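Here is a short tour of the structure you are about to see. Have the view open as you read along.

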Amino acid sequence: MGSAGQLYMLYTCPFCWKVRGLLEHLDIKHERVQVNPMKSKKLPSAPEWKKVPIWIDDKEEIHVDSTPIMKHIDAVHNEGKLWSSEDEERRDKWMAWVDLHMSKATIPILYGSLGAALKTTTSVSKLENFGFFSKRLYAWAGFPIMWGIIAKKRVKKDGRTPKKLWHDLLDEFTNEFGGHTFFGGESPNLVDLAAFGYVRSISPYSQFSQLQDHKAGMKWYNAVEATLKV
Ligand SMILES: N[C@@H](CCC(=O)N[C@@H](CS)C(=O)NCC(=O)O)C(=O)O
């Protein structure tokens, strides 16, 4: 089988990790196009969408926005099995919960203090496909400070440390499993894979250790990871 499509992505983008995890779970052959973060205006999508991930399928059709992309890939390549559910209300409620709360929690843990922000931006500049000069600019110019300020505001508003925030989210999520291994029961569904993507997007950084001491969370995380065909 040829390639099912192209994923335009940034390595460090949590929304891209969601789609990557699904593609790996379903073992779908695809190409990854790592965009230059300084040149996002050159993305192939419609003019009104300047964000990654973007999925271009083998018919050259463009799909945007991570959760709709995941649903589309599941529908086309997996008969919609990961999204189908006996309890659609529960599924929809928790997909929205994951997209609202977990997406917001990645910035505070990665950029929540100036030290963390510097460490993260230095890693980002190594992981992403920057040009030589913009790499240095990104790591050492205003970015750590800018992100630091945004993240600090969020941490202050929330009142919890980023670690406590993540532990609370993982408590809340895993408590919803009702004794099963996954949100989806005995195998992960699309809600598991979306949540997994957000958590996995933190895994390249040293701050991930703050999540690794959440026992139930890591049990679930490792169980999802074991289903990936990479
Ligand atoms: N709701 C979107 C969010 C995507 C998003 O915000 N992506 C970021 C990178 S992590 C981006 O491309 N930002 C560029 C911009 O907003 O111009 C999704 O789930 O795909």
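D87 sits in the loop that runs between α2 (66-78) and α3 (88-111). The model shown here is a predicted one. On the surface, D87 joins E86, E88 and E89 in a patch of negative charge. Is D87 buried, partly exposed or exposed? Its relative accessibility is 38%, so D87 counts as partly exposed, since that class lies between the buried limit of 20% and the exposed limit of 50%.

R200 makes a useful counterpart. This arginine belongs to helix α8 (residues 190-200). R200 has a relative accessible area of 10% and is therefore buried, as buried means under 20%. Which residues does R200 touch, leaving aside its neighbours within four places in sequence? They are W17, G21, E24, Y221 and L228. The chain also brings R200 and K18 together in space: 182 residues apart along the chain, their C-alpha atoms are separated by 8.5 Å.

Here are the two residues side by side:

| Residue | Place | Relative accessibility |
|---|---|---|
| D87 | loop between α2 (66-78) and α3 (88-111) | 38% |
| R200 | helix α8 (residues 190-200) | 10% |

Now for the whole protein. Its secondary structure consists of 10 helices and 4 strands, arranged along the sequence as β-α-β-β-β-α-α-α-α-α-α-α-α-α. Of its 230 residues, 50% are buried. The protein exposes about 11,800 Å², with 55% of that supplied by carbon and sulfur atoms. Taking contacts between residues at least 6 apart in sequence, 68% join residues at least 24 apart.

Note on methods:
Residues are numbered from 1 along each chain as its sequence is written. This is a predicted model: local features need pLDDT of at least 70, side-chain atom pairs count only at pLDDT 80 or more; totals for chains, interfaces and linings use all residues. Side-chain values use heavy atoms; hydrogens and water are left out. Patches are made of residues with over 30% relative accessible area and no salt bridge: like charges are joined within 9 Å, nonpolar side chains (Val, Leu, Ile, Met, Phe, Trp, Tyr) within 5 Å. Accessible areas come from the Shrake-Rupley method with a 1.4 Å probe; for residues, only the protein chains shown count as cover. A salt bridge is a side-chain nitrogen of Lys or Arg within 4 Å of a carboxyl oxygen of Asp or Glu. Lys and Arg count as positive and Asp and Glu as negative; His and the chain ends are not counted. The place of a charge is taken as NZ of Lys, CZ of Arg, CG of Asp or CD of Glu. Helices (H or I, at least four residues) and strands (E, at least two) are DSSP runs, numbered from the N terminus. Buried means under 20% relative accessible area, exposed over 50%, partly exposed in between (1.4 Å probe, protein chains only). Contact means heavy atoms within 4.5 Å.
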